[in-house]
Structure formats: C-alpha cells, structure tokens
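Here's a quick tour of the enclosed spaces in one protein and of the ligand that comes with it. Take a look at the model first, then read on.

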Amino acid sequence: MVRVKICGITDADQVDWCVAAGADCLGFVVEYPVPVPWNLSRQEAHALLARVPPMTTRALVSGGSPEHVIGLARALRPHLVQLHTDNTLAETAKIAQALAPIGIGLIRALRIDVATGLACGEITDPLAAAHALESTGVTAILLDARTGEMPAGTGVSLDWRGARRIRDRLSAPLILAGGLTTGNVRSAIEQVRPYAVDVISGVEVSRRVKSPKLIRQFVRQARVTVSQ
Ligand SMILES: O=C(O)c1ccccc1NCC(=O)[C@H](O)[C@H](O)COP(=O)(O)O
C-alpha cells in the first residue's frame, strides 16, 4: 500500500481532516529559511503537532544551518524531518547522523527543474544526485518539481517515466510529489510505484486553504493496490 503525506498543514481543522481521511503523515513547515505560504512559528507548530494522534506520523519541514534544524527537531520531536534542497550533501549527512540516535528519520527533497530536467543542488544529474543523497544516510528521498518561483508546493508534475527510472535504481524509499491531484494520483502510483505520495496544491482551494473533500478524495484515490 502506498502511504500518503499531506504537507503544508496550517491549522487544527486541517490536522483533523487529514487524520479523519486516513493520511499516514502530516507535514508542518516551520521556521523555513525562505518565504513560503505555509510557514509556521515554533509555537504554532508545537500546538499543531500535539494535536496529531498516535499512529499518525508527524513531519517537520525546515532548513537552514544543521544547528538550527537539529535544535528545532529536538524542541518539537517530530517522527521525521524533511530538509530544504539548499542544504548541502555534507549538511544532510550531519543532520541525518544527529537525528538517528534520537529516533528521528530524515527526508531530503530532490527537486527536478521541469524546464531542464536537471536536479537542483550540487549534482545536476537526477540519478547521480539521488545516489549521492542516499549515501548521506537519509531515511527517504522526496522527488519533487521545481519551477523557479517556488521552492516547493508548485502544483507542477514531474516526468513520471524519469521518476520511475530513479525509483527502480534506489534502495531508499522514494516519495513522489509534484502536481499530484485527486485526478492523477492513481495513474502516478501505477507508473512510478513510489513508497509514498506527497501533496499540497492538489488538496487546496487556494494557498494555505485545504479542502476536507479534496483530502478525502486524494487519500481514497491513492489507496490503490498495484501488483508488483
Ligand atoms: O520540502 C520543502 O522544502 C517544502 C517547503 C515548503 C513547503 C513544503 C515543502 N515540502 C513539501 C513538499 O515537498 C510538497 O508536498 C511538494 O512540494 C508538493 O507540492 P504540490 O506540487 O503543490 O503538491
């Protein structure tokens, strides 16, 4: 079964809607290093994380210096941290090493520029970049689209054949993101066979404003059984 992460949660209703719909993981963007519509203060995040019931995974999305990310994770105690693409491979390894002993896994986004097909970051070949990330000790790699204006939450889809090639060559679990909607998530899962899917725009009616109906439909559509 493919897991579902709903990201960019900004209020208590959204937490409740995602949990009621059966989402596996809720993502909270906290003290993010560049302006994004879903950013929360540490205090806001603390209250929302506390609302997530047992058996549902809490992911903290942040970035900046390793000291900042590790300090934030120690303060908020999520199950997972998802790291900004601008963090280098060396920083990613340092953060993964610091979080593992306290039981927090690390997801690192690998963003593909949809105009060029190149990965953003130190290594531009997408497969080589994925292998390099894997060797940092991350728990999972999140494959996402980059368009230039926004670091994430673009609503733009990736080339799923390219995503499948990466998925087939990685040992680390691959989380597929980028432009997934209630209408295409099923097909994306069939083509890419990811470990999990991740969505923001596809369950929002406007920036930051999520729809309980779209959340329910998205989770239902993602629960497809794919024969291996
Ligand atoms: O990972 C980040 O750096 C990040 C920053 C700000 C907001 C969300 C972030 N991560 C979550 C994701 O990776 C999104 O789920 C992903 O961009 C999908 O967005 P969308 O195309 O809108 O579904």
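## What counts as a cavity

On a 1 Å grid over the protein atoms alone, a cavity is a set of points where a 1.4 Å probe fits but cannot get out, and its lining residues have an atom within 4 Å of a point. This is a predicted model, where local features need pLDDT of at least 70 and side-chain atom pairs count only at pLDDT 80 or more, while totals for chains, interfaces and linings use all residues. Residues are numbered from 1 along each chain as its sequence is written, and side-chain values use heavy atoms, with hydrogens and water left out.

## The second largest cavity

This one holds about 70 Å³ of space (the space filled by probe spheres set on the points, with grid points joined across faces, edges and corners). Its lining is made up of Leu89, Arg108, Leu110, Cys120, Gly121, Glu122, Ile123, Ala129 and Leu133.

## The largest cavity and its ligand

The largest cavity has a volume of about 270 Å³. Among the 27 residues lining it, Arg111, Asp144, Ala152, Gly153 and Ile200 are the closest to its centre.

The ligand sits here, in the largest cavity (more than half of its atoms lie within 2 Å of the grid points). Which polar contacts (pairs of N or O atoms within 3.5 Å) involve a ligand oxygen and Ser201? A polar side-chain atom of Ser201 is 2.3 Å from an oxygen atom of the ligand. For Tyr32, a side-chain N or O atom is 2.5 Å from a ligand oxygen, and for Gly155 a polar backbone atom is 2.9 Å from one.

Definitions and conventions: A polar contact is a pair of N or O atoms within 3.5 Å; within protein, one must be able to donate a hydrogen and the other to accept it, and residues adjacent in sequence count only if both atoms are side-chain atoms. On a 1 Å grid over the protein atoms alone, a cavity is a set of points where a 1.4 Å probe fits but cannot get out, and a pocket is an open set with protein on both sides within 12 Å along at least five of seven lines; lining residues have an atom within 4 Å of a point.
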